[in-house]
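Thanks for making room for me this morning. I would like to take you through one part of a structure that may be new to most of you, so please have a look at it before I go on.

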Amino acid sequence: MSHNNQFSWRLNTRLRITIFLLSIFLLLTYQIFTVDNDDLDKPEQWWSNTSNSLESIDTDITNFTELTDVNDTTDTNDITDTINNNYIGKIVETNNDITETGKAVDTGDLNNTQSTNKIDFLDVINKVSYLPKIQSDPINFFETPEEKALRESRRESVKQGFLHAWNGYVNYAWGSDELLPITNSSSNNYNGWGATMVDALDTMWIMDLKDEFKNATNYIANVDFTWSKNDISIFETTIRYLGGLLSAYELSGDEMLLQKAKDLGEAMIPAFNSPTGIPYNTWNLTKGLTANGYQPYYSMGILSQAGTLLLEYTKLAQLTGISSYFDKVQLVTDVLDKAKKSIPGFYPLFVSQTSGQFTNDEINFGGMGDSFYEYLIKEYIYIGGAIDQYRRMYEESIDSMSKYLIKKGQVKAYPDLLFLGSYSHGSFVARMEHLACFVPGMLAIGSKTLDRPKDLELAIELAETCFWAYNSTTTGIGPESFSFFVKGDPIDKNKLKMLATQWNNKLLLYGVYQMNGNYLLRPETIESLFILYRVTGDKSYQEKGWEIWQAIETWCKTQTAYSGLRNVAGPNIVQNDNMESFFFAETLKYLYLLFSEPDVISLDNYVFNTESHPFLRMLPNYN
């Protein structure tokens, strides 16, 4: 090849490259100025973030709108047409079937909703206000010297029960998560950090068990909350460990506990870095920080797990001054608020962490749904009404619950008992869970805070049903769940004949056709009795709580501690060799407070997380 030909070839090649690059530039320019805005600023994939700092993994809430359904045509200018019921069309109820006609709408753009405008945590603090009092007038708690002596003796009985269980844990399971109270061994289902120890801290402080508290904190000081051998539940870790550490810090002032809470809270932050900000159900803390491209075992987001991190991370933001903790959980609320719903206020149990939309239609105020609804009113109370979004979401949910999920049963001696069921595939499900017995307490605090007196009436009636479930079994302890006959529904006579023997032997409650007789030392009924006592001053709730405690003493106590039951009814009651950490955190704490003076952990000063860890409420002009 001659030099001239080589020069000509090089010139042509350079010209071709120049033309090619110019074409690319023009094409990109065209795309930038003509592409639809919905295609811009797509959120980063969570695994692309390699930095561990909070700032680097923060998800801008304004990017959430790109994840919504592109067919959403709700016009914010016409939003006043849907503000009253958030639903276009009609809901028709026929017997136990709930059907919808019309079209579900996106409720995320309603007034006061912050789904597209990031809420500044400092603004939240500045908007905190005083809310109406929850607890009854002090005069309603008046007691004679004899009544006081009786109350204090009962409180002491609960305290001694705590010490019996605690000493069993110390002797046979110290440092482990939970004691197995029959075999006197231990289990580690919550990462082996000592779940019972952390869950019990604030209960010990409230009971004035300062030596036990100090021994526990000496051990906790050496626990590394930033690593995990296996995947951990973000939900359980948050409510038990993070909530327990934060509450114990506020009560005791021990700075070590706050530092541990900060370490743990920050270690879990990468789990929020999904495409929508809805956290993954499980996360390996160690791999999340060290393994390149780590991603957890995929599972659909669960409503109660995603929506029950709010109080803990808001409290962590308040105590540390790191507002991005709040930003993470507020984004989750905004995504759930924005997601389409068939019935206003009804949030289905499963949500996609990729799209932010619900993937089924099951509604339940029991398992997998319960604490999401609980945290709506509690967050509103905790922040002194600073974000009205929580009030709106709560009221919508309670209105729909009252309309669609509350039914009378067919209990012969108690025909007016009200039951709380669930909703699935367009129909009412006549099944009530022990977990749902927190609802009376939730309704009671909501009724006083939001001036909804009918909610208090409903709370009182549902609490009667929860206590009836206890009072009707062989042991005097309520079952895990039961299915009931709805008033007005025809009943198969052959079914009744089949059940007659079981009823006579108390294997089933009257009016119930199926029952899960397990008892896991759950607190929900006691929780509602405690709250209703504080709200009304009615001492009958103390009597009911005492009956339950006596039943627990009779049937659940072991030589070492207390055990759950495999069955609460029948001729042969069997213990299950398990003592959940929440027995210390919730069941015993609520019983102790039920028999304490009303100013001990007052509901006007504290809000409880779902594991019964009390957090001081924010006050106006908080610095």
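**Helix α17 and its surroundings**

α17 and α19 are roughly parallel to each other, because angles under 35 degrees count as such and these two helices pack at an angle of about 25°, with their axes 9 Å apart. I should say at once that this is a predicted model, and please keep that in mind throughout. The crossing of this pair is left-handed, and the contact brings Ile526, Glu527, Leu529, Phe530, Tyr533 and Arg534 of α17 together with Thr587, Tyr590, Leu591, Leu593 and Leu594 of α19. Sorted by character, the residues of this contact of α17 with α19 comprise 8 nonpolar, 1 polar and 2 charged.

Let me turn to the next partner, helix α18, which covers residues 540-555, while α17 itself covers residues 524-536. How do α17 and α18 run, roughly parallel or roughly antiparallel? Their packing angle is about 155°, with the axes 9 Å apart, and the two helices are therefore roughly antiparallel to each other. Here too the crossing is left-handed. On the α17 side the contact is made by Thr525, Ile526, Leu529, Leu532, Tyr533 and Thr536, and on the α18 side by Tyr541, Gln542, Lys544, Gly545, Ile548 and Ile552. In this contact of α17 with α18 we find 7 nonpolar, 4 polar and 1 charged residues.

A further neighbour is helix α14, residues 439-450, whose axis comes within 7 Å of that of α17, the two crossing at roughly 25°. α14 and α17 are therefore roughly parallel to each other, and α14 passes α17 in a left-handed crossing. From α14, the residues Val439, Pro440, Gly441, Ala444, Ile445 and Lys448 meet Ser528, Ile531, Leu532 and Val535 of α17, and the residues of this contact divide into 7 nonpolar, 2 polar and 1 charged.

Finally, a word about the largest pocket, which has a volume of about 430 Å³. It is lined by 24 residues, and those closest to its centre are Phe235, Asp370, Leu435, Arg522 and Glu524. Which helices supply at least two residues each to this lining? They are α6, α9, α12, α17 and α19, and α6 gives the most, with 4 residues. The lining as a whole divides into 9 nonpolar, 5 polar and 10 charged residues. So that we end where we began, α17 and α19, which are in contact through residues such as Tyr533 and Tyr590, both contribute to the lining of the largest pocket.

Definitions and conventions
Residues are numbered from 1 along each chain as its sequence is written. This is a predicted model: local features need pLDDT of at least 70, side-chain atom pairs count only at pLDDT 80 or more; totals for chains, interfaces and linings use all residues. Side-chain values use heavy atoms; hydrogens and water are left out. Axes are lines fitted to C-alpha atoms, for helices over the stretch in contact, and angles run from 0 to 180 degrees between N-to-C directions. Angles under 35 degrees count as roughly parallel, over 145 as roughly antiparallel, 65 to 115 as roughly perpendicular and the rest as oblique. A crossing is left-handed if the near helix is turned anticlockwise from the far one by less than a right angle, and right-handed if clockwise. Contact means heavy atoms within 4.5 Å. Ala, Val, Leu, Ile, Met, Phe, Trp, Tyr, Cys and Pro count as nonpolar, Asp, Glu, Lys and Arg as charged, and the others, Gly among them, as polar. On a 1 Å grid over the protein atoms alone, a cavity is a set of points where a 1.4 Å probe fits but cannot get out, and a pocket is an open set with protein on both sides within 12 Å along at least five of seven lines; lining residues have an atom within 4 Å of a point. Grid points are joined across faces, edges and corners, and a volume is the space filled by probe spheres set on the points.
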